[in-house]
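User: Please take a close look at one part of this protein chain. I would like to know how that part sits within the whole.

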Amino acid sequence: MALHQYNKHHWLSEGAESFLSLHELLNEHIEQTKKHIDEIGERVAQHELSYIKHEPEGRYTMRDFLRNDLEHELKIQQMIRKQIKRAGELHDYGTVQVLEEVLTDREDLGYHLYSVLEDDTLVRGMTHLVDGRAFLKLVRFCLLVADRPPAE
């Protein structure tokens, strides 16, 4: 479920702060999640539990996407901790080792999401520099100039 949602949010990332930095950040989350699915799937043959709920379809703000992702990361981490404890009780130290490595990576991914959700933004900090209408005129002018053939 986490992989599905990371893919969806990766594909739909947009906006001044989202497209480049969040697009790449979410790509990293996708790759790590694929790796973890494979590692856990090989180690744990039978598990029919989903740790996270499916996000209802539809458009959300990037911030809502990331909040949902962070909520899911925290739930995944909580469940992995329970599985580590249970594997230890069963003296399955190989599973403990694999899950501890996965947990460390998942904690890092969660921290990155938390950091992105901090209440600080470059875009919000620039609004006092430009008048909205003047800024739109500048953008239109730049687009017009870009479409002109080069001067001889």
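Analyst:
**A close look at helix H1**

H1 is mostly covered, with seven of its ten residues buried. Keep in mind that this is a predicted model.

Which residues of H1 are buried? They are Ala2, Gln5, Tyr6, Asn7, Lys8, His9 and His10. Set that beside the whole protein chain: of its 152 residues, 28% count as buried.

Now follow Tyr6 inward. The largest nonpolar core has 21 residues, and Tyr6 is among those with the most contacts inside it. Leu22, Leu66, Ile80, Ile84, Leu99 and Leu113 are also on that list. H1 (2-11) does not build this core alone. Helix H2 (18-43), helix H3 (62-89) and helix H4 (93-116) also supply at least two residues each, as H1 does. The largest share, eight residues, comes from H3. In soluble globular proteins, nonpolar side chains tend to be buried together.

Leu99 gives a sample of the packing. Setting aside neighbours within four places in sequence, Leu99 is in contact with Ile40, Ile80, Gln83 and Ile84. Ile80 and Ile84 are on the list of core residues with the most contacts, as is Leu99.

Step back to the chain. The secondary structure comes to six helices and zero strands. Read along the sequence, the pattern is α-α-α-α-α-α. Contacts reach across the sequence too. Among those between residues at least 6 apart, 78% join residues at least 24 apart.

Last, the outside. The protein chain exposes about 10800 Å². Carbon and sulfur atoms supply 58% of that area.

Conventions
Residues are numbered from 1 along each chain as its sequence is written. This is a predicted model: local features need pLDDT of at least 70, side-chain atom pairs count only at pLDDT 80 or more; totals for chains, interfaces and linings use all residues. Side-chain values use heavy atoms; hydrogens and water are left out. A nonpolar core is a set of buried Ala, Val, Leu, Ile, Met, Phe, Trp, Tyr and Cys residues joined through side-chain atoms within 4.5 Å. Buried means under 20% relative accessible area, exposed over 50%, partly exposed in between (1.4 Å probe, protein chains only). Helices (H or I, at least four residues) and strands (E, at least two) are DSSP runs, numbered from the N terminus. Contact means heavy atoms within 4.5 Å. Accessible areas come from the Shrake-Rupley method with a 1.4 Å probe; for residues, only the protein chains shown count as cover.
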